[in-house]
Amino acid sequence: MAPQSQVFDAQHWVKTRSSLNPQESNYLIWGGSIYAFIPGEKRKLLFNMVGMSVSRCIPVKEGEWQFTSRELTYYLSPKTDEMLQKWENPWTGEIVPVMHVANNPVQGIFAGKFPAQVDGEETTFAFDIFPTYPNPLANDPKFAEYSPFPTYQAAELFKLTVPTADLLNPELLSVSQLRLSWDRFGQWLPWMKMGDRPGYMIYSGYGSKVNSFEELPQLLQEQLNHNVPLYKDAPETFLDVEDMTSWLYFQRHFDDYLAGKIFPLPVQSENVTTKSSQHRNHLQNTEQVVIGISV
C-alpha cells in the first residue's frame, strides 16, 4: 500500500519532537559528516559531528505550545572521531580555534496543522526549510575575513519517522521511537575564516530520540557533566532572550576566539526572565519554529 498523505494536529508534532509533559526534558541526538563543496574541486570531508537537543514543550492554550530548547553540536576529526580544539584550514594553511555549536536557547511556537506521510506502521514528517536573513556579522569590518556575506542563507531538509500507533495513542505523551534524517546546505562557518571563498558546506546527518542521559553518546555525557551542565535540561520556561546561532555566538565570543579559548565555553547556570504565555518568539527565520534545530 502506497504512503498516504495526512494532516496531524500540533499535539502529535509535540509528542514527536518533544513531549506533551511540560515537566519533562527530552533528548534528540544526531551524528554524521560535514563536507566542503567547492565548484571545480573534489568533495572534501571536513568533519564528523555529534550533537543533541534537550527540549521542553509548554502548553499555552488549546492546540498551542511554546517550544524551548538548548542544543550542542561538536565537530570531530574525520579520522579519529575526537573532539577538535584546533583546525588547520586546508585552503589557507591557517590554524584556527574550533567553535562548537552551543545554542541557548532555540525556541518557537508549535501550533496549527502538520502534514505527514503515513506508511502503515510508520509516519514521516518531512520539512524542507530555507532560512534567509541578514548576516549579523556583515556590517562590521572586523568580521570581513570570517563572514562577509550580507545575507545568511541555507537549506535544511528534515525527515522524522515515528511509529504511527504512538501518534494515535492518547495515553502516550511522547513517541517511543524516532528516526531523524537531516541534510543541510550552508555557508562557511565564521570560525573557519574562509572569507569570501566560493563554496559551501553539506551536512549529512541522522539521529534518534533517547530516553535518558545515560543513553547519550559518551562525548556528550562528558561535556554535560564537566563543561556545560546547563545543557542537561531544557529551560523550565520560555526565555526572554534572542535565539542563539553560530553566527551570533561567534559575534559575542569573538575576543575569546582570538584568545584561542576552548569551546564551548563553560556554562553552569543562567539568570534570564521569561515571556508571557501569549508572547510569540520572533525568530530571524520563522521556518525554524517548525523543527527547533539550528546551526
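Here is a walk through this predicted model, from the whole chain down to a few single residues.

Let's start with the overall build. The chain's secondary structure adds up to five helices and 14 strands. Its C-alpha trace spans about 55 × 45 × 35 Å along the principal axes. How does the radius of gyration sit with a compact globule? For 295 residues such a globule would come out near 19 Å, and the chain has 19 Å, so the two agree. Of the 295 residues, 53% are buried. If you look at contacts with a separation of 6 or more, 74% of them are between residues 24 or more positions apart.

Now for the outside. The chain exposes about 13,600 Å², with carbon and sulfur atoms supplying 49% of that area. On the charge side, you'll find 23 positive and 33 negative side chains, and the centres of these two sets lie 3 Å apart.

Strand 2 is a handy place to zoom in; it covers residues 26–37. Leu28 has its place in this strand, and it counts as buried because its relative accessibility is 2%, under the 20% cut-off. Its neighbours come from well-separated parts of the numbering: Leu28 touches residues including Arg17, Met52, Leu180, Lys209 and Ile293. Further along strand 2 sits Ser33, which is also buried, at 17% relative accessibility. What does the side chain of Ser33 make a polar contact with? The partner is the side chain of Asn48, at 3.3 Å. Asn48 is also one of the residues that Ser33 touches, along with Leu45, Phe47, Met49, Ile202, Tyr203 and Ser204.

Next, helix 3, which runs over residues 218–226. Its buried residues are Leu219, Leu220, Gln221, Gln223 and Leu224, so two glutamines are tucked in with the leucines. Which strands do these buried residues pack against? They pack against strand 3 (44–61) and strand 4 (64–76).

Then there are the backbone oddities. Most residues other than glycine have a negative phi, and most peptide bonds are trans. Asp81 is not a glycine, yet its phi is positive, at about 65°. You'll find Asp81 in the loop between strand 4 and strand 5 (86–88), and at 45% relative accessibility it counts as partly exposed. Lys193 also has a positive phi, about 55°, without being a glycine. It lies in the loop between strand 13 (179–186) and strand 14 (200–210). Is Lys193 buried or exposed? Lys193 is buried, because its relative accessible area is 16%.

Two peptide bonds are worth a look as well. The one joining Asn104 and Pro105 is cis, with omega about 0°, and Pro105 is found in strand 7 (residues 101–111). The bond from Phe263 to Pro264 is cis too, with omega near -5°. Pro264 belongs to the segment after helix 5 (254–258).

Last stop: Ala138, in the loop between strand 10 (132–134) and strand 11 (151–153). With 23% relative accessibility, Ala138 counts as partly exposed. Beyond four places in sequence, it touches Ser147, Pro148, Phe149 and Pro150. Lys193 gives you a reference point here: its C-alpha is 14 Å from that of Ala138, 55 residues away along the chain. For Leu28, which is 165 residues from Lys193 in sequence, the C-alpha separation is 30 Å.

How values were computed. Residues are numbered from 1 along each chain as its sequence is written. This is a predicted model: local features need pLDDT of at least 70, side-chain atom pairs count only at pLDDT 80 or more; totals for chains, interfaces and linings use all residues. Side-chain values use heavy atoms; hydrogens and water are left out. Helices (H or I, at least four residues) and strands (E, at least two) are DSSP runs, numbered from the N terminus. Buried means under 20% relative accessible area, exposed over 50%, partly exposed in between (1.4 Å probe, protein chains only). A polar contact is a pair of N or O atoms within 3.5 Å; within protein, one must be able to donate a hydrogen and the other to accept it, and residues adjacent in sequence count only if both atoms are side-chain atoms. Contact means heavy atoms within 4.5 Å. The radius of gyration is taken over C-alpha atoms; the globule rule is 2.2 Å times the number of residues to the power 0.38. Accessible areas come from the Shrake-Rupley method with a 1.4 Å probe; for residues, only the protein chains shown count as cover. Lys and Arg count as positive and Asp and Glu as negative; His and the chain ends are not counted. The place of a charge is taken as NZ of Lys, CZ of Arg, CG of Asp or CD of Glu.
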